[in-house]
Amino acid sequence: MRSTILGYPRIGPQRELKKALEAYWDGRAGRADLDRVGAQLRAAAWQRLAALGLDTLPSNTFSEYDQVLDTTVLLDAVPARYRAAADPYFAMARGADGLPPLRMTKWFDTNYHYIVPEIGPDTAFRLVADKPLREVREARALGYATRPVLVGPVTFLLLADGPAGFDPLGRLDDVLAVYAELLGALKREGVDWVQLDEPALVTGAGIDAARRAYGRLGGLTDRPRLLVASYFGELGDALPVLAATEVEAIAVDLVRGDPVDPALLGGKTLVAGVVSGRDPWRTDMDAALHTLRRYPDVVVSTSCSLLHVPYDLDQEPDLDPELRARLAFADQKVGEVVELAARLARGEAGAPPAASPATPVVGSTWDSRAPYRFRAAAQAARLGLPELPVTTIGSFPQTGELRAARAALTAGRLSEPEYERRIEAEIERVIRLQERLGIDVLVHGEPERNDMVQYFAEHLDGFATTRHGWVQSYGSRCTRPPILHGDVSRPAPITVRWTRYAQSLTDRPVKGMLTGPVTIVAWSFVRRGIPLRDVVAQVAEAVRDEVRDLASAGTSIIQVDEPALRELLPLRRERQDEYLQWAVAAYRHATSSAGDTAQIHTHLCYSNADEVIAAIDGLDADVTTIESARSGGRVLGELDGFARGLGPGVYDIHSPRVPAVDEVVDMLEAVLKVVPGDRLWVNPDCGLKTRGYGEVSAALAHLVEAAQTIRESTPRPLRAAD
């Protein structure tokens, strides 16, 4: 190996996989159609990488949903309840036949999601799927030798859920037996190298398990050569542990982590991640080359899979030329890897990076509203809501007509007045539907928004947006992360007009809907050269202006969502407290302009929120809505005694399944054991943008009926806030 990458995007340059998946799920296409699209995307990826000059190609990086779920199937670790489903793979991902899906959460500190395995003491592991072998054969038939990529055994088990009191890592030896069998099969297939991804090691966890795992796998005689890949940070104490095993190569992230001491490598080949796989910025080629020259046996690579960046900058001719010159998407990053390998082979020395200019440090103080007990009383008097008020998170289904209207406006085929008329009509449709269903606190449905971050980026200075810069979030869900390239400011109000219009249609309160500063930054590609906390502080100032204008317009409830609060949490524990201090400070500054009678809501989803409970409390929002349905209420035990309003989601919107009334009642009754009735809200897990109106109407009707059932069957007086 001289040049390689750890992975490549898989949704297709024109989101071909998304379209094929949704056609299959909707019954408009069969399994053969989905398989054909997958084969075409894999072939196109290998052909493209070879054409760009990459000399070692990965395989098994394609997935129909996510690589962790693929590993679950590979090991036959499918929970018994899914085995009878028509398609167990998608039943685990999306639910089927009345079964809820497995839990979903974020892949480390990215906006990519994975399906969490369930591993118990009785899980029977065996090698039953041949996906890695099939892809090797597919590539060979096209003339390409590939390196299969697998989720490593330690990371797989560290990411798994187990029954109470059981650590899935205790099943390591059993899992290693299956990996050993697979490695033998790959060796017999003629595979030269296999990549085992172990990003969990950068958190500092699983080091002893890694010693056992790679001591055993490295010691096999019937195996290909092994590349153990880490990313998203420094390996730390795990590096010498891996270096002491018989594996042949170790991949390290030299973008997020400091250069490693060559003496610690124990003679292993270093796969040096000097080209960032997490952002769209061009590599400082001289600095990267200077780093590479430190190592006697080195392969040039990306810092992680290119799954996290768009495909090709050439699809964005409309970007400002000055900005475009600073950017590199997946294909351009492959080109950088190839160029660096060529320059290294020619003996070029490179040069150390120039020192970054000093930047001021933003403090961690925050602006405050009155204590919660005083605010709660004033808000209760203003709003007059029933016990267990029902609401939604913000968005309603984005219909084909809405997307077509937005595209026509962009293309100049639809006038601005006509577009706004259609948006007003959709808002009225959403308001009337919520009134008919009996929902207590309404939303305007966000029909004018393409995405909860991109929409704001389009209205803030300092951002650029793309037309085809799609990045996979989970399954068929894709986003276009904005590019935050300059100083951020808000030139004019963004949401006030539509919120005011929605409120004019009803006597019930309508929430103003905003995205929080941490999430806007986390789900954007952020410029280099300025501390992240200072970027968040700039965005917080813009959000603060919007909150102030909404409150001044009479909006009684303002929701400022921070689903990415946990996502930006540093993977190393010793760095987490500092981050949480300034992240909480930014949120409180952004929301403090609302005053005390406007109720502030926030929302968090699919991000292991139980790990940041203290910070959630520190946000000081009056009501926090949080994912609960798919995780089985795992966060609720941590919220016993939570001192503010709470809406644990009781409808999993990432599945087409409609929860039954009794199911919702049971979930709410469980929550009432830890949250008093005067603070409990009833809501879905997340926004309804990706669902259809039929299932949404049915599910929300069940939420309203469940809330009313509890109000009538177990009457309890509203308890005054402490």
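This report describes helix 1 and its surroundings, the aromatic pairs, and an open sheet in a predicted model.

## Helix 1 and its packing

Helix 1 covers residues 16-25, and its buried residues are Leu-17, Lys-18, Ala-20, Leu-21, Ala-23 and Tyr-24. These buried residues pack against two other helices, namely helix 2 (31-51) and helix 4 (88-94). Just after helix 1, the backbone of Gly-27 has a positive phi of about 80°.

## Aromatic pairs

Across the whole structure, a search finds 13 aromatic pairs. In one of them, the ring centres of Trp-25 and Phe-90 are 5.6 Å apart and the planes stand at 80°, so this pair is edge-to-face. Because Trp-25 belongs to helix 1 and Phe-90 to helix 4, the pair ties together parts that are 65 residues apart in sequence. Phe-90 has a relative accessibility of 5% and therefore counts as buried, the cut-off being under 20%.

Trp-107 and Phe-108 also form an edge-to-face pair, with 4.9 Å from centre to centre and 80° between the planes. Both residues of this pair, Trp-107 and Phe-108, are buried.

## A ring cluster and two arginines

Trp-25 and Phe-90 belong to a cluster that ring pairs build together with Tyr-24, Tyr-65 and Tyr-89. Tyr-24 is also one of the buried residues of helix 1.

Two rings of the cluster have an arginine over them. The charged end of Arg-31 sits over the ring of Tyr-24, at 5.5 Å from the ring centre. The charged end of Arg-94 sits over the ring of Trp-25, at 3.8 Å from the ring centre.

## The parallel sheet

Five strands form an open sheet in the order 14-16-17-18-19, and their pairing is parallel. Its edges are strand 14 (511-515) and strand 19 (645-648), each of which pairs on one side only. On average, neighbouring strands of this sheet are turned by 20° against each other, direction ignored.

At one edge, strand 19 runs parallel to strand 18 (residues 623-626), and 4 bridges join the two. Within this pairing, Thr-624 stands opposite Leu-646 of strand 19.

## A helix across the sheet

Helix 19 (residues 532-552) lies across strand 14 and strand 16 (557-561). The angle between helix 19 and strand 14 is about 175°. Strands 14 and 16 follow one another in the order of the sheet, and strand 14 is one of the edge strands.

Technical notes. Residues are numbered from 1 along each chain as its sequence is written. This is a predicted model: local features need pLDDT of at least 70, side-chain atom pairs count only at pLDDT 80 or more; totals for chains, interfaces and linings use all residues. Side-chain values use heavy atoms; hydrogens and water are left out. Buried means under 20% relative accessible area, exposed over 50%, partly exposed in between (1.4 Å probe, protein chains only). Contact means heavy atoms within 4.5 Å. Rings of Phe, Tyr and Trp (its six-membered ring) pair if their centres lie within 6.5 Å; planes under 30 degrees apart count as stacked, over 60 as edge-to-face and the rest as tilted. A charge sits over a ring if NZ of Lys or CZ of Arg is within 6 Å of the ring centre and within 35 degrees of the ring normal. Two strands pair if DSSP finds at least two bridges between them. Axes are lines fitted to C-alpha atoms, for helices over the stretch in contact, and angles run from 0 to 180 degrees between N-to-C directions.
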